[in-house]
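Please look over the structure below with the sequence at hand. The report after it takes up a few local features in turn.

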Amino acid sequence: MPKTIKKLAVLTSGGDAPGMNAAIRSVVRTCAYHNIKCVGVYRGFEGLIEGDFKEMDARSVRGILNKGGTILKSARSNEFRTKEGREEAYKKVIEAEIDGLVVIGGDGSFTGAMVFNKEFDFPVMGIPGTIDNDIVGTTHTLGFDTALNTVVDAIDKIRDTASSHNRLFFIEVMGRDVGHIALNAGIAGGAEEILIPEEDLGLDRLVESLNKSRKSGKSSSIVVVAEGDKIGKNIFELKDFVDQNMEGYDVRVSVLGHMQRGGSPSCFDRVLASRMGLKAVESLLEGKTNYMVGLINNKMELTPFENAIKGKTKINLELLRVSDIMST
Ligand code: F6P
């Protein structure tokens, strides 16, 4: 018989993402709706080990729906990877009379949550919060849509100056080791070429693509490069390669970096976060545990942690074809 849930905790873990605050707000307000207590845990699993808790009610989360980042801070915890660290965390949640935990984070965070559940039979539920969109079990992770809009805005701005100076720009985007941000934002930004880890185009293909663009009369080009791209050269080496091997190109580099992780969450991410927080809390109240809440066919579905953390989401091959044809 699942134990009665009277108090839940919520934490954010791993790389932060726009929409995490909206998810925290949803967890806290769903708890309030069901008359159960809610505790915010600061700094992810580090804070769980240290008992860095704060009682939260519906008013504690006012004014954060539209805020990027996470009011609970985030961290990557090495100590939680140790049995001693997890035992300390378990002691703290028992002392605080916490009956279950909502973890907002990526696959690494869910791995920790899954181990914690297995070792202590402690109810946990996951909400996928990462701009990478690399978690199996959801078409959208929290922050992905907002990051795409941020990157597209940056590409549009860079294209203004690229076309003013007839320049070739290499733009590096985040995504750790998947190309979802690069592919989607590259298409939306009209990039002449998109380099992603899932499809090793090789330098010859890049040269051919750039020459094709120039032959078609384009006086400037944008190449979007995923940070995990495996072409064998980093973005600065790509610039050097073009400088040294291709006549007539004035090349610049722009590494977008952590600005992709910030900003006010998009409408899509705010709605997604609100749906996921509600589903996570009510799933725990139904006695469920060890699942990640995900968006599948526009419905809130549960995926077991062991499936969510296995492998990475695949690139949409139809999008690859769109990208090829649109850059003609
Ligand atoms: O996982 C999200 C992410 O932003 C990746 O896209 C990126 O490679 C990584 O985090 C950066 O990690 P950090 O914030 O620790 O530099």
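What follows covers one helix and its surroundings, two helix pairs and one lysine.

## Basis

This is a predicted model.

## Helix H6 and its surroundings

Helix H6 spans residues 180-188. Its buried residues are His180, Ile181, Ala182, Leu183, Ala185 and Gly186. These buried residues pack against two helices and three strands, listed here by element:

- helix H5 (144-164)
- strand E6 (168-173)
- strand E7 (193-195)
- strand E8 (221-226)
- helix H11 (317-326)

Gly190 comes just after H6. Gly190 has a positive phi of about 70 degrees.

## H6 against H11

Two packed helices are described by the angle between their axes and the distance between the axes. For H6 and H11, the axes cross at roughly 35 degrees and come within 10 Å. The crossing is left-handed.

On the H6 side, the contact uses Leu183, Asn184 and Ile187. On the H11 side, Leu319, Leu320, Val322 and Ser323 take part. By class, the contact of H6 with H11 holds five nonpolar and two polar residues, with no charged residue. Leu183 thus appears twice: it is buried in H6, and it meets H11.

## H7 against H8

Helix H7 covers residues 202-215, and helix H8 covers residues 235-245. They pack at an angle of about 60 degrees. Their axes are 12 Å apart. H7 and H8 are therefore oblique to each other. H7 passes H8 in a right-handed crossing.

Which residues make the contact? H7 supplies Leu203, Leu206, Val207 and Leu210. H8 supplies Leu238, Phe241 and Val242. The contact of H7 with H8 has seven nonpolar residues, and neither polar nor charged ones.

## Lys7 in strand E1

Lys7 sits in strand E1, which runs over residues 7-12. Is Lys7 buried or exposed? Its relative accessibility is 10%, so Lys7 counts as buried; the cut-off for buried is under 20%.

The side chain of Lys7 has two polar partners to check in the viewer. One is the side chain of Glu55, in a polar contact at 3.5 Å. The other is the backbone oxygen of Ala96, 2.8 Å from a polar atom of the Lys7 side chain. Beyond its neighbours within four places in sequence, Lys7 is in contact with Lys37, Val39, Glu55, Ala96, Glu97, Ile98, Asp99 and Gly100.

Note on methods
Residues are numbered from 1 along each chain as its sequence is written. This is a predicted model: local features need pLDDT of at least 70, side-chain atom pairs count only at pLDDT 80 or more; totals for chains, interfaces and linings use all residues. Side-chain values use heavy atoms; hydrogens and water are left out. Buried means under 20% relative accessible area, exposed over 50%, partly exposed in between (1.4 Å probe, protein chains only). Helices (H or I, at least four residues) and strands (E, at least two) are DSSP runs, numbered from the N terminus. Contact means heavy atoms within 4.5 Å. Axes are lines fitted to C-alpha atoms, for helices over the stretch in contact, and angles run from 0 to 180 degrees between N-to-C directions. Angles under 35 degrees count as roughly parallel, over 145 as roughly antiparallel, 65 to 115 as roughly perpendicular and the rest as oblique. A crossing is left-handed if the near helix is turned anticlockwise from the far one by less than a right angle, and right-handed if clockwise. Ala, Val, Leu, Ile, Met, Phe, Trp, Tyr, Cys and Pro count as nonpolar, Asp, Glu, Lys and Arg as charged, and the others, Gly among them, as polar. A polar contact is a pair of N or O atoms within 3.5 Å; within protein, one must be able to donate a hydrogen and the other to accept it, and residues adjacent in sequence count only if both atoms are side-chain atoms.
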